[in-house]
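Please look over the model shown here before reading on; the report deals with a part of its strand pairing, the residues around the ligand and some backbone details.

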Amino acid sequence: MPALLVNEVFLSLQGEGVRTGLPSVFIRLQGCRVGCPWCDTGYARTTAPQDRLPDNDGAVFAKTSASPSHTCAQTAWLVRGVLALARPGMNAVITGGEPCEQGIAHLTTALCDAGFSVQVETSGTCPILCDARAWVTLSPKARPVLPENWKRADEIKLPVLTIEDIARHAGALERLPANMISLQPVSGTHAATALCVRECLRRNWRLSLQTQKFINLR
Ligand code: SF4
């Protein structure tokens with residue numbers, strides 16, 4: 001099975017989107033080339049050699065604060081670590097960074113086989129190659145979403161700072177069922193929140209808030 005660059009693995013509650021509130025094990029992969037100006041996980045974007053820990057370094061299971069340090073993990077080692085931390089049946093969130101820049105198919109299958117409810121959070125800028133049982137949260141950003149990824153998505157969670165963030169993807173969004181779509185105000189600013197509320201009411205879309213930030217969760 002392929003190795004993956006992993007920033008951190010931790011337990012928390014899913015704070016965003018349709019699965020808000022679910023106890024979850026988060027597997028944050030390292031590396032992202034999308035380049036959103038308001039990225040709140042910048043520490044997981046770069047893969048600089050000086051930030052590389054030894055292979056299969058358990059430090060990624062013990063982080064208490066955000067840092068760019070990451071390990072190259074064998075998938076089987078990673079799954080064993082997840083099983084030691086979390087109980088099967090839980091939501092297992094593969095996030096980043098941009099997880100689909102790496103080969104996550106084996107990891108998603110191994111976690112599904114182990115009994116986890118797997119969720120992949122992706123910008124949709126790379127092919128989404130994951131187990132058919134995985135729930136895909138597509139979070140479109142400024143770079144184009146690959147056309148086939150709109151069809152693979154189980155939910156759309158759209159970060160919104162200005163009306164342009166909706167307009168950029170409006171054609172694709174309007175072809176999807178309304179109950180798949182959430183608008184999420186970037187950084188919870190008053191203006192972005194007011195815009196999202198207005199557009200949710202107008203279009204019958206859902207509001208997603210980053211609830212983990214209200215209660216100081218990772
Ligand atoms: S896709 Fe995610 S990790 Fe990458 S730059 Fe954008 S917000 Fe940051």
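The text below takes up these topics in turn.

The model is a predicted one, in which local features need pLDDT of at least 70 and side-chain atom pairs count only at pLDDT 80 or more, while totals for chains, interfaces and linings use all residues. Residues are numbered from 1 along each chain as its sequence is written.

**Strand E5 and its neighbours**

Helices (H or I, at least four residues) and strands (E, at least two) are DSSP runs, numbered from the N terminus. Strand E5, residues 117-122, is mostly covered, since 5 of its 6 residues are buried; a residue is buried if 20 or more other C-beta atoms lie within 10 Å of its own, exposed if 12 or fewer, and partly exposed in between, with C-beta atoms placed from the backbone.

Two strands pair if DSSP finds at least two bridges between them. Strand E4 (residues 91-95) runs parallel to E5 and is joined to E5 by 4 bridges, and Ala92 has Val118 in E5 as its bridge partner. Strand E6 (residues 135-138) likewise runs parallel to E5, with 4 bridges between them, and here Glu121 has Thr137 in E6 as its bridge partner.

E4, helix H2 (residues 105-113) and E5 together make a right-handed β-α-β unit, where right-handed means that, with the strands pointing away from the viewer, the path from the first strand over the helix to the second runs clockwise.

**Around the ligand**

The residues around the ligand, meaning those whose C-beta atom, placed from the backbone, lies within 6 Å of it, are Cys32, Val34, Gly35, Cys36, Cys39, Thr41, Arg45, Gly96, Gly97, Glu98, Ser123 and Lys141. This shell divides into 4 nonpolar, 5 polar and 3 charged residues, with Ala, Val, Leu, Ile, Met, Phe, Trp, Tyr, Cys and Pro counted as nonpolar, Asp, Glu, Lys and Arg as charged, and the others, Gly among them, as polar. Gly96 and Gly97 of this shell are joined by a cis peptide bond with omega of about 15°, and Gly97 is found in the loop between E4 and H2.

**Positive phi outside glycine**

The table sets out two residues other than glycine that have a positive phi.

| Residue | Phi | Place | Other C-beta atoms within 10 Å |
|---|---|---|---|
| Asn56 | near 50° | loop between strand E2 (23-29) and strand E3 (71-74) | 17 |
| Asn216 | near 55° | segment after helix H7 (211-214) | 6 |

With these counts, Asn56 is partly exposed, whereas Asn216 is exposed.
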